[in-house]
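Reader: I would like to go through this model with you and ask, for some of the terms used, what justifies them.

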Amino acid sequence: MGAGYDGVVVATTSNSAVKCFRYQELFEKERDVYLRLFEHQLFEVCGCRIPRLLDYDEKLFVVEMGIVQPPFILDFAGAYLDVRPEYPEDVYEACVAEKIVQ
């Protein structure tokens with residue numbers, strides 16, 4: 001289905017996708033975000049669908065997720081949970097301001 005910096009995504013025959021990560025840290029970030037979303041039963045944000053976490057393997061650094069139709073949000077390997085990224089205040093504020101939907 002695709003490949004990039006984080007790893008490779010492959011479709012399964014069960015209407016799901018398996019994302020194989022290159023690095024443990026990226027896998028852990030993405031897995032943790034999907035677990036938090038599942039915990040709160042959050043599967044859509046502002047009209048963008050979020051795949052459901054179906055399974056994961058900590059030894060192989062893979063997650064299996066449901067397939068969703070566009071518009072969607074898929075990539076959480078660069079996300080931070082409960083800890084603000086370490087950026088200078090002005091850089092962080094500029095980034096947040098850029099992301100605000102008006």
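Reader: Which residue in β7 is the bridge partner of Ala17, and what makes β3 and β7 a pair of strands?

Author: In this predicted model, the bridge partner of Ala17 in β7 is Met65. Strand β7 covers residues 62–66, and five bridges join β3 to β7 in an antiparallel arrangement; pairing asks for at least two bridges between two strands, so the five bridges between β3 and β7 satisfy that requirement.

Reader: How do you know that β2 and β3 are paired?

Author: The reasoning rests on the bridge count again, since five bridges join β2, residues 7–11, to β3, residues 16–21, and at least two are needed, so these strands count as paired. They run antiparallel, and Val10 has Val18 in β3 as its bridge partner. Four residues lie between the strands of this hairpin, where Asn15 takes a positive phi near 55 degrees.

Reader: Why is the contact between Asp6 and Lys19 called a salt bridge?

Author: The closest N and O atoms of Asp6 and Lys19 are 3.7 Å apart, and the cut-off for a lysine nitrogen and a carboxyl oxygen is within 4 Å, so the pair qualifies. Asp6 sits in the loop between β1 and β2 while Lys19 sits in strand β3, 13 residues apart, and the pair thus links distant parts of the chain.

Reader: What makes Asp6 and Lys19 buried?

Author: Buried means under 20% relative accessible area; Asp6 has 12% and is therefore buried, and Lys19, at 8%, is therefore buried as well.

Reader: Why is Asp75, which meets Lys19 in a salt bridge, called partly exposed?

Author: The relative accessibility of Asp75 is 47%, which falls between the 20% limit for buried and the 50% limit for exposed, so Asp75 is partly exposed. The N to O distance from Lys19 to Asp75 is 3.5 Å, which is within 4 Å, so this contact also counts as a salt bridge.

Reader: How do you know that Arg31 and Glu58 form a salt bridge, and which parts of the chain does the pair tie together?

Author: Their closest N and O atoms are 3.1 Å apart, within the 4 Å limit, so the contact is a salt bridge. Arg31 lies in helix α1 and Glu58 in the loop between β6 and β7, so the pair ties together parts that are 27 residues apart in sequence. Salt bridges that share partners also join Asp6, Lys19, Glu30 and Asp75 into one network.

Notes
Residues numbered from 1 in each chain as written. Predicted model: local features only at pLDDT ≥ 70, side-chain atom pairs only at ≥ 80, totals over all residues. Heavy atoms only, no water. Salt bridge = Lys/Arg side-chain N within 4 Å of Asp/Glu carboxyl O. Buried < 20%, exposed > 50% of the residue type's maximum accessible area, 1.4 Å probe, protein only.
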